Amino acid sequence: MSPIYPSPMHDFGYDVADYKGIEPVFGSLDDFDSLVAAAKQRGLDVLLDLVPCHTSIEHPWFREHPDWYIWADAPNNWLSAFGGSAWSHLNGRWYLHSFYPEQPDLDWRNPEVVAAMQDVLRFWLERGVAGYRVDAIDRLLKDAQLRDDPPASEAFGLPLSGEEAELSLAHSRNAPDTGRALAKIREAVGDHFMVGEVYLPAARWQPYLDAFDAVFAFELLHADWDAETLRRAIEATTRQPGAAWALSNHDFGRLVTRFGAENARAAAMLLLTLPGTAFLYQGDEIGQADGPGGERRYDRAGRDRFRHPMQWTGGRGGGFTSGEPWLPLVDPEHVNVEAQRDDPGSMLTLTRELIRLRRSLPADLRLLDTAPGVLAYARGEYVVALNTTGRALPVPRGAELVLETEPAALSRDELTAHAGAISCN
Ligand code: GLC
C-alpha cells in the first residue's frame with residue numbers, strides 16, 4: 001500500500017506527519033488491524049510504504065527536533081526531484097528537501113533519527129505487516145560536507161529532468177556511507193521482506209542489495225515496448241539476483257496507456273514471467289487505462305492520471321466508494337473486475353493464469369536469440385516469447401503450448417502481432 005499515514009497530502013501521503021497513525025481519510029488503526037487480519041485469512045500479506053528520507057514539514061519532529069533535519073547557511077546547487085533548488089529558506093537558514101519544500105530531508109547521520117525510524121519499523125511489524133517498500137532510498141544519505149554536484153561527465157543511465165541531467169548527482173544522493181544506514185533499517189526489520197526504491201541503474205545497486213531483498217528495476221520500468229530495448233534492460237538488471245519488477249505504478253502510466261491496449265497483455269506476460277518479485281499495479285490486471293488526472297494545484301507533478309480508483313464494478317463509484325472519490329472513476333462501465341472475473345478471455349483471467357504459472361517457473365533466466373522485434377527467454381524448460389511488433393513473426397518455442405495472450409496466437413513457430421506465448425519442452 002502507498003502511504004496511509006496522517007499527512008497534509010502535498011505528495012499523495014509521501015509527506016508523513018505521523019509515522020504511527022492512519023490518515024483519517026482512510027480509517028483508523030483498528031481498521032488497519034482488521035485489514036491485516038482479513039488479508040491473512042485469505043493468505044495475503046500486507047507491505048507498507050516506508051518513507052524514511054523526509055517527513056512532512058508538519059511533522060512535530062520538524063518543530064521539536066530541528067537538528068534531525070539538514071540545514072545550511074546557504075544553498076548549494078542540489079536540485080529537487082520536482083524541479084528547482086532542493087533548498088528552502090526558513091528563519092535565516094536553509095533546509096534541504098530532495099522532493100517538495102513540504103518534505104524536509106531527515107539527517108540519517110543523527111543517531112536519534114535512526115532510533116526513531118527503527119521504532120517506526122518495529123511498530124508496524126508488531127501490528128502484523130509482512131515488510132516494506134522503502135521509498136526513495138538512494139536519497140537517504142548525501143554528502144556530509146554538502147558539496148555541489150559537479151557537471152555531468154557521463155549519462156546517468158536512467159531518465160532525468162533536463163536540469164538534473166546536466167549534473168553528475170554525485171553528492172546529492174547515494175553517499176558512500178549509505179550502507180551503514182541501510183544496515184540499521186535491516187536491523188529493525190529482521191527477516192521481513194524489504195524492496196528498495198533506488199533510482200539508480202542496476203550496476204550501482206550493490207549496497208542496497210546487501211541490505212534489502214530486492215530493488216526496483218527502473219531500466220525496465222522506463223523501457224519502451226520494443227524487443228531490443230526490453231532485452232537490454234533485462235540483461236542489465238539480471239546480472240545479479242534481486243531485481244523487483246514493475247512496469248507501472250503511482251508515478252508512471254499504466255500498461256494500457258504506456259504500451260498501447262494491443263500490447264497490454266504481452267506486457268503483463270513479461271512482468272509476471274521474469275525471475276524475482278513482480279509488482280502489478282492495481283488496475284493493470286483488468287487493463288484499466290490512465291485517466292484525465294486532477295487539479296494541477298493538488299497534482300503538481302502531473303501524476304494523478306495514474307491514480308484513479310480501482311474499478312471493481314460497473315456502477316457509479318465503480319465499487320470503490322459510495323461517496324465522492326478524490327479523483328473520478330475513469331470507465332467502470334467498460335472495464336471492471338466483476339465483468340472480467342468469469343470471462344475466460346479477459347485480461348483478469350490471463351493475469352490469474354500468469355500468477356498461477358509463475359510459481360512453477362524455475363529461477364534461472366536465459367535470453368534467447370530471436371528475429372528482430374521478438375523478445376524471448378527460457379525459464380528452465382519453459383520458453384516465453386513476446387512479439388512487440390504489429391506483424392506476425394517467427395519465435396522460438398517449446399513442444400507444448402502452455403499459455404497465450406489470445407487464442408491461436410502461437411502457430412507452429414509464428415506468433416501473431418502484439419502477442420505473447422509460453423510454451424514448454
Ligand atoms: C517516491 C514515490 C513518489 C514520491 C517520492 C517522494 O519516488 O514513489 O511518489 O513523490 O518518492 O517521497
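**Charged pairs and overall build**

Visitor: Does Arg300 count as buried, partly exposed or exposed, and what is its relative accessibility?
Guide: Arg300 has a relative accessibility of 35% in this predicted model. To be buried a residue needs to be under 20%, and to be exposed it needs to be over 50%. Arg300 sits between those cut-offs, so at 35% the label is partly exposed.

Visitor: Okay, and which residue forms a salt bridge with Arg300?
Guide: Side chains of opposite charge can pair when their charged atoms come close. For Arg300, the closest N and O atoms of the pair are 3.2 Å apart, and the partner is Glu102.

Visitor: How many residues apart in sequence are the parts this pair ties together?
Guide: Start with Glu102, in the loop between β4 (93-96) and α3 (111-126). Arg300 is in another stretch, the loop between β9 (278-279) and α11 (337-341). The pair therefore ties together parts whose separation in sequence is 198 residues.

Visitor: Is Glu102 buried or exposed?
Guide: The cut-off for buried is under 20% relative accessible area. Glu102 comes in at 17%, so this residue counts as buried.

Visitor: Which residue does Arg186 meet in a salt bridge?
Guide: Look at helix α5 (residues 178-189), where Arg186 sits. Its partner is 27 residues apart from it, in the loop between α6 (206-211) and β7 (214-216). With 2.8 Å from N to O, the side chain that Arg186 meets belongs to Asp213.

Visitor: Which residues are linked with Arg307 in a network of salt bridges?
Guide: Take one pair to begin with: Arg307 and Asp251 have their closest N and O atoms 3.1 Å apart. Both of these residues are buried. The network joins Arg307 with Asp11, Asp251 and Arg303.

Visitor: Zooming out, how many salt bridges does the structure hold?
Guide: There's plenty of charge to go round, with 40 positive and 62 negative charges in the protein. The salt bridges in the structure number 20.

Visitor: What about the whole fold: how many helices and strands are there, and what is the radius of gyration?
Guide: The protein has twelve helices and 16 strands. The globule rule gives 22 Å for 425 residues, and the protein's own value is close to that, so it is as compact as a globular protein of that length. The radius of gyration is 22 Å.

Visitor: What percentage of the residues are buried?
Guide: The count runs over the 425 residues in the protein. A residue joins the buried group if its relative accessible area is under 20%. That group makes up 54%.

Terms used: Residues are numbered from 1 along each chain as its sequence is written. This is a predicted model: local features need pLDDT of at least 70, side-chain atom pairs count only at pLDDT 80 or more; totals for chains, interfaces and linings use all residues. Side-chain values use heavy atoms; hydrogens and water are left out. Helices (H or I, at least four residues) and strands (E, at least two) are DSSP runs, numbered from the N terminus. The radius of gyration is taken over C-alpha atoms; the globule rule is 2.2 Å times the number of residues to the power 0.38. Buried means under 20% relative accessible area, exposed over 50%, partly exposed in between (1.4 Å probe, protein chains only). Lys and Arg count as positive and Asp and Glu as negative; His and the chain ends are not counted. The place of a charge is taken as NZ of Lys, CZ of Arg, CG of Asp or CD of Glu. A salt bridge is a side-chain nitrogen of Lys or Arg within 4 Å of a carboxyl oxygen of Asp or Glu.
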